[in-house]
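Hi,

Here is the structure I promised to pass on. Have a look at it first, and then read my notes below.

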Number of protein chains: 4
Amino acid sequence: MKDTFGESVSITIAGESHGKGITAVLSGMAPGIPVDEGFISSQLTKRRPSGAISTARQEEDKFEVLSGVFGGFTTGTPITILIRNENIQSKDYSEIATTARPGHADYTAECKYHGFQDYRGGGHFSGRITAGIVAAGAICLSALEKKGIKIGTHIAKCGGVSDRKFGDIEKDIDSLNEKLFAVLDENSGKKMEEAILSAKNDLDSVGGILETAITGVPAGIGEPYFDSIESELAHFLFSIPAIKGVEFGSGFAMADMRGSEANDAFRIGENGGIFTKTNHNGGINGGISNGMPITFRCAVKPTPSISAEQETIDFVKGENKNFVIKGRHDPAIVHRARVVIDSAAAIVLCDILAKRFGTDWLR
Amino acid sequence: MKDTFGESVSITIAGESHGKGITAVLSGMAPGIPVDEGFISSQLTKRRPSGAISTARQEEDKFEVLSGVFGGFTTGTPITILIRNENIQSKDYSEIATTARPGHADYTAECKYHGFQDYRGGGHFSGRITAGIVAAGAICLSALEKKGIKIGTHIAKCGGVSDRKFGDIEKDIDSLNEKLFAVLDENSGKKMEEAILSAKNDLDSVGGILETAITGVPAGIGEPYFDSIESELAHFLFSIPAIKGVEFGSGFAMADMRGSEANDAFRIGENGGIFTKTNHNGGINGGISNGMPITFRCAVKPTPSISAEQETIDFVKGENKNFVIKGRHDPAIVHRARVVIDSAAAIVLCDILAKRFGTDWLR
Amino acid sequence: MKDTFGESVSITIAGESHGKGITAVLSGMAPGIPVDEGFISSQLTKRRPSGAISTARQEEDKFEVLSGVFGGFTTGTPITILIRNENIQSKDYSEIATTARPGHADYTAECKYHGFQDYRGGGHFSGRITAGIVAAGAICLSALEKKGIKIGTHIAKCGGVSDRKFGDIEKDIDSLNEKLFAVLDENSGKKMEEAILSAKNDLDSVGGILETAITGVPAGIGEPYFDSIESELAHFLFSIPAIKGVEFGSGFAMADMRGSEANDAFRIGENGGIFTKTNHNGGINGGISNGMPITFRCAVKPTPSISAEQETIDFVKGENKNFVIKGRHDPAIVHRARVVIDSAAAIVLCDILAKRFGTDWLR
Amino acid sequence: MKDTFGESVSITIAGESHGKGITAVLSGMAPGIPVDEGFISSQLTKRRPSGAISTARQEEDKFEVLSGVFGGFTTGTPITILIRNENIQSKDYSEIATTARPGHADYTAECKYHGFQDYRGGGHFSGRITAGIVAAGAICLSALEKKGIKIGTHIAKCGGVSDRKFGDIEKDIDSLNEKLFAVLDENSGKKMEEAILSAKNDLDSVGGILETAITGVPAGIGEPYFDSIESELAHFLFSIPAIKGVEFGSGFAMADMRGSEANDAFRIGENGGIFTKTNHNGGINGGISNGMPITFRCAVKPTPSISAEQETIDFVKGENKNFVIKGRHDPAIVHRARVVIDSAAAIVLCDILAKRFGTDWLR
């Protein structure tokens, strides 16, 4: 469905960059889950631009829980979260009503909506809509954590700089979730920030790769074929603006392996538990969890809004033109996108778990 | 949904490797589409193992259209296709009822189905289920071709050998669709086959990358967020066994680009048509087609069934063991998977187009 | 899905009687549909209690369109409507946290939500949630009217009093849509109001039957089986609180007919158009519209909140008790429910038409 | 979705009256449920015409389970059942390719499928497609019975003759499920059969009402709004050909009640269990089960195929005509439809229970 994802647990998103606000409706969460508004706030902060490497648009992302929470706990009925837009300067955008910013959806929106789209600041296509995903995802992350399931994402690569790989995954996740700029190695992080600033100085932007790990998912979750963990996660991940690639486990690197390397050998641990010696399959065999950490990576394209002059068209006049996108832009969004990935993964997992174990399992 | 994908046009798949057969139900296709059983057959042939580089299991893949076709045309009501299993040698597999073949779903199936799964030949997890996708997809491919939409996939990489890139895409697609081993450059193809045979001699297997191009999709198709073209294609593609990565356009390579490079500049063509100078976004902006070819790549992991001895467990006894998978195996499936990718893409596109333009558009 | 209905056009509803407000997200409406906030207001007025025959809780039902409308027209992206709750007197309800009001969902909510439900005023089970359906439905009704499709509902029966039958249906619909108490015969209406007041005086309530007609739906819309017009309408109608029966055309009366009577004879009209001499099938054959008015009737149970003493239980203490529901109650809701029915029918029809003719058809 | 119903447990149906056969794919059933082919057969027998009161078309309804069952148990993966058509006399139907049989879907099929529909014997609109529902439903009924849930339906009314009401419901259900002509009172049954034969002698047909009871459903199952038990059951029930009305509990009779009568008083039983003194709400409050028997009634219209001459049109020539449907017809289908109702209810309940308690609950 266009604006709703999930079956047993689902989310519906709406809003525009310069409209009245962003809403997310989270449906199907079990009753009795504590809702910590402070945690929702702190997650929204991770998505918000900050510092020299971000856009100058500053929003507090004040949110209001309109339904589905009573006395601090989920009721089991749909949870609506509203984040009103503030600090909107629509004058910055009015010029671009008919200009197709390269890499953006202005032209495709025109083709689909015939001129009725809200063109201000990307309208419904703006990354700002993901704030609703983050707010709803925070509730899911809390519920999962109570069940021993942790999710964390680091910037594996940005501006040509690579972070170190996951080591002790649970510890790494805890550490990442404390950070605004989520890297495992602080030195790499500094170099990434330098690369971002360098791009900014060049009136340009950079992309990156986000790597996510999920621990604590029991074996036997998911389904073969259309409800495979990969299918469901990828469906949601590719809904997030700027994500152009998703790979599970060793992903594209598996294309260069031989079977003897790619096959993760099953072993019985000392405690009788089952594990695999390697985890090239990212914790998933045949669409179903095998008990190992679920790992995946997302390619984030460079922010399409750059300050340099670009070639494009006026799609109403049907004319070529050169133009400069006014205003100040994010030279990178990869660091802000990471909490969106965590949130998306949490929502998808809650759905998969509720389908597998029923609507009460998460409480 | 577990076994059904799509809304306006949908497919439901069922079957096991060593059961009575494979079925696919294709629902929602417009009435009046010619159904060419010869073409379905030829598509199934592309998926079937053949030659030295494939398994010795030879099946004719005789299919029967049980419903939804009348007088050679689709009726508009659901089309059921049955492909009976033949040439089954279940004795090859009986030993493995409790052994987790590495890289396979034997262990995860046990966790999910508690011993009731049909373990013979991978049961429902077998790549053989994709025969139903291919048969149904053939009808979709025919319908799309009549509307000027072409789909083609080549083996971009296999066993470390790369094919040439797409050139004249429409011509390349036509050429690929005539081939059993789909490469653009025949010399590369020969080297790939050598690499496959070399792996086979080493009792091993290889993986690869499949690259797909779709031409003729009008601009303005798809939706932002959960019905984005990327989300819908990736959902289906990750349902196909062995696919561990999907990227659109330049995908993961965009992570290393700057915005000035990744932003595809819009231009007005001599005929007044709109195109982009590059196509790093793979024909999709904001989830919606921009009229350029839609391109994506899938990572195919090496066949997990290899002839070498492997470490694993008996998951009923809870014991480590070494074992050798008996029988003969595909040292590569990437060349057989390409027609599955084409078929999946065709089914997804028919759904997207029917949602956009209505149930009669495809006729 | 729990809180979302529809595929190409869908609605997601949320909220509680005494929470912050009610929200509805309408997704998939074509771009370019004029949105008349005055019409939404007037539709909400029809649902609002008024006069001696209604509850004393008076709400203005001020609504805010948060997204999806730009410059007075739909954008094509999701439309969020928020109706804040006002004039809430939660003290009236606090006593009933553990008392199962007969005919209400207090006990079933406890069984499902384990005490976490918002019990104030029925919480999420309150008829108040239908305000969101009415607001969203108003946009759908406007879009349909532009395409020549009209929907109207009258109180066919209430408190034992019957209204006259539909005559000139289009004219009757126009007339009904001007009224707050929707009857075709004013005298019958007065008798119904007397019956309602009489029940109120007896500390009791009455039910009724709502009959709906839809004109202008072209033949060939809908699907056999699970997307039959009957299935889709009934699914939504039975989601509306207090609806306990739905019948199409002559419905249950057909059970007593013979085929020679029930079979609506097809005829060619003078203008070459096709019609049926009778319309026992309610404009639907095999789930698909035949061009005749679509007609259906809904049974509305009497308001379960009555002022008389009733037997019930305290479901926490596990004790029988007698109790009186405090506050003032609607002695009938049938007249308020009629605009909910119109709205539900409009939303369902928009979905069916968008699936049939594509997402742009309604503009 | 058009041909698929359900989320956690779903069914996909396909086939035509005179095509190769009917298929049903049942997806999402828990692993480990015993599949008794003899019981499936006996259920199909209940749907099959028999005796003087039925059509002369006799089919054995031999079925084949193509997938999803291994060693006599469900595997947890999709179950495909194929029932081939036999004893087809297509010559009986060839004349009617362009004639709209009154009360049938011939004309609406033409409007939707533009002449490509399989017109033989009603094609996809034939009641024969319900054989797939019965076969799949038999597996669901078995699974439910193991969990203490029983479903039974009687012919509450047929040809103007009423059966007695349900008494000891569980005992009545057991008794009904042994019968081919399902009445609680044998004398009423005889009178019904006489009424049917009388209609047959008049070249006519009769309709009726089917009443269903479901016992053993725990309280707290279902959801408010769109996944209400009423919504889900009604959605499926209205997909069954000839069903024109559905009511729960006292249904339309509640429209004439006052609240004091319609409100089912909750009471604590001697064993501490909770029950209601009456069951006008049919075991459902706010869409959720309250532990009382779930009861509903379906209006079945008289068989539209009658032997008398009827007025109609040739929709290709655009001409009025009188015609007689050749062949022999069912003068009533209400007795055959009852097992379809049972089966539909079982499939819907399995879905609702799997959503509530998870995919393993039914095993």
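Let me start inside chain B: Ile22(B) has Ile83(B) of β7(B) as its bridge partner. That pair belongs to the antiparallel match of strand β3 (residues 21–27) with strand β7 (residues 79–84) in chain B, which are joined by six bridges. Before you go further, bear in mind that this is a predicted model.

Those two strands sit in an open sheet of five strands in chain B, ordered β1-β2-β3-β7-β4 and paired antiparallel. At the edges you will find β1 (4–5) and β4 (63–67) of chain B; each has a single partner strand, so one side of each is left without a neighbour in the sheet. Helix α3 (residues 130–146) of chain B lies across β2 (10–15), β3, β4 and β7 of that chain, and runs at about 35° to β3(B).

Next, the A/B interface. How many residues of chain A are in contact with chain B? The count is 86, and they meet 86 residues of chain B. On the chain A side, the classes break down into 38 nonpolar, 31 polar and 17 charged residues. The copies meet through the same surface, because 100% of the interface residues of chain A are also interface residues in chain B.

The two chains also share some strand pairing: β11 (residues 243–248) of chain A and β11 (residues 243–248) of chain B run antiparallel to each other over three bridges. If you want one bridge to click on, Gly245(A) is partnered by Glu247(B) in β11(B).

As for how the copies are related, a turn of 180° with a shift of 0.0 Å along the axis lays chain A on chain B with an RMSD of 0.0 Å. That makes the relation one of a two-fold axis.

Over in chain D, I looked at one helix pair. Helix α1 (residues 37–47) and helix α8 (residues 334–357) of chain D have axes that come within 7 Å and cross at roughly 140°. From α1(D), the contact uses Gln43(D), Lys46(D) and Arg47(D), while α8(D) brings in Arg336(D), Val339(D) and Val340(D). By class, that contact has two nonpolar, one polar and three charged residues.

Finally, confidence. The model scores ipTM 0.97 and pTM 0.98. Chain A has an average pLDDT of 95, with 95% of the residues scoring at least 70. The usual caution still applies: where pLDDT is low, the predicted coordinates should not be read in detail.

Cheers

Terms used: Residues are numbered from 1 along each chain as its sequence is written. Chains are lettered from A and ligands numbered from 1 in the order in which they are written. This is a predicted model: local features need pLDDT of at least 70, side-chain atom pairs count only at pLDDT 80 or more; totals for chains, interfaces and linings use all residues. Two residues are in contact if their C-beta atoms, placed from the backbone, lie within 7 Å. Ala, Val, Leu, Ile, Met, Phe, Trp, Tyr, Cys and Pro count as nonpolar, Asp, Glu, Lys and Arg as charged, and the others, Gly among them, as polar. Two strands pair if DSSP finds at least two bridges between them. Helices (H or I, at least four residues) and strands (E, at least two) are DSSP runs, numbered from the N terminus. pLDDT is the predictor's confidence in each residue, from 0 to 100. Axes are lines fitted to C-alpha atoms, for helices over the stretch in contact, and angles run from 0 to 180 degrees between N-to-C directions. Copies are superposed by least squares on the C-alpha atoms of residues with pLDDT of at least 70 in both.
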